[in-house]
Each structure stands twice: as structure tokens, then as C-alpha cells.
Amino acid sequence: MSTFSSMQSTIQMLCRQVEALNPPIRPRFRPPASTDDIVRAEQALDLEFPDALKFLLLCHNGQDVYDKSTYKYYDPLFPMMRQPHNGALYSHYWLAGTNEIVRFLDEYECFVDEVFATIGPTCYHDQFLCFTKTENADCLALDMLPQPGGSVGQVVIFSTQPPEIIV
């Protein structure tokens, strides 16, 4: 089980490694979320966040994606794991903050009647915690209501184009 101090240490090490890259990337981490921010998000979703997600948010409340003054994207933290369906050559994920995690389910509630293909022990439901943002129609999410054989908090790719959920 993760602790807040181990998460802080991991994030600090990650930041040092990122800064040491040549050329370095600038992930534009936001300041930490407050405990109140996290509690409000949990209440809005009626879901308790796993400790590791809480600890991550207490280190950095996500990343900024776009600089409106320069019309440039900030550096994402990690590349997408598969080729985007929309024909783009690449895509990336940025870490989501508490506000984006809450907005995710509101944005995707229009897909309730869609038939989602699934790979692995999961199904479409309203108990996903999306912890990333991307410029495409997918994200990485924690599945808080997995099917038998899955684990609470398993990471899934949640995609709407095509509609599929992959453990």
C-alpha cells in the first residue's frame, strides 16, 4: 500500500529524471490539490478515491495541457499506449486534476446506451475515475467496479471512438 511520503518521493524522483532528459520535458505540474478539493470531488462523484490517487493529487493536481498565450501544448507526461483511432500519428496523456476527474463522467454520460467492446474483466458503468486527459477520445481510468476476475482500481483505457474499454 502506498503512503503519501512514498508518493512524494516517487514524484520528486520522476521530476528529477524528467529534468535530466536531453532535451528536458516540461510537464507543467499544477500545485497540489487540497484535502478539501479531493473530498469535494469524491462527494460529487459519490466515489472514494484510492489512496494512491489521493496521494498523487496531494503532490500535483494534474498538469496544464495548453498555453493559450502561445498556442502551444505543454509537454505531456507519457505517450499514449496505442495508435489513436482518429488517424493521428501520435497522442499523449496529461495527468488530470480533481476538476477533470469530476467532469469525465459528465462528459461521457451520453454514451450510456452505447455498446462498449471490452477486453478484460470490465464493462461500461459510472464508476470510472479518469486520471488522464488527452486530445483524443480516450483516457486512462481506474475501474472502481470491475467484473469478476478484475481488481478494484485496475487501469483501463476508456475510449469512445470506437467505444471500448481495455484492461
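Trainee: How do the residues of the lining of the largest pocket divide into nonpolar, polar and charged?

Mentor: In this predicted model, the lining has 7 nonpolar, 3 polar and 6 charged residues. Asp, Glu, Lys and Arg count as charged, so Glu 100, Glu 107 and Lys 133, which are among the residues closest to the pocket centre, belong to the charged group.

Trainee: And what makes Thr 132 and Thr 134 polar?

Mentor: Thr is in neither the nonpolar nor the charged list, and the others count as polar. Both threonines are also among the residues closest to the centre of the largest pocket.

Trainee: Why is this called a pocket and not a cavity?

Mentor: A cavity is a set of points where the probe fits but cannot get out, whereas a pocket is an open set, so the word "pocket" tells you that this one is open. The volume of the largest pocket is about 270 Å³.

Trainee: Which elements give two or more residues to that lining?

Mentor: They are helix H4 (98-108), strand S7 (132-133) and strand S8 (138-143). H4 gives the most, with 5 residues.

Trainee: What makes S7 a strand, short as its range 132-133 looks?

Mentor: A strand needs at least two residues, and S7 runs over 132-133, so S7 qualifies. The chain comes to 4 helices and 10 strands.

Trainee: What share of the chain is buried?

Mentor: Buried residues make up 43% of the 167 residues; each of them has under 20% relative accessible area. The chain exposes about 9,500 Å², with carbon and sulfur atoms supplying 55% of that area.

Technical notes
Residues numbered from 1 in each chain as written. Predicted model: local features only at pLDDT ≥ 70, side-chain atom pairs only at ≥ 80, totals over all residues. Heavy atoms only, no water. 1 Å grid on protein atoms, 1.4 Å probe; cavity = no way out; pocket = protein on both sides within 12 Å on 5 of 7 lines; lining within 4 Å. Points joined across faces, edges and corners; volume = space filled by probe spheres on them. Buried < 20%, exposed > 50% of the residue type's maximum accessible area, 1.4 Å probe, protein only. Areas by Shrake-Rupley, 256 points an atom, 1.4 Å probe, with all protein chains shown as cover.
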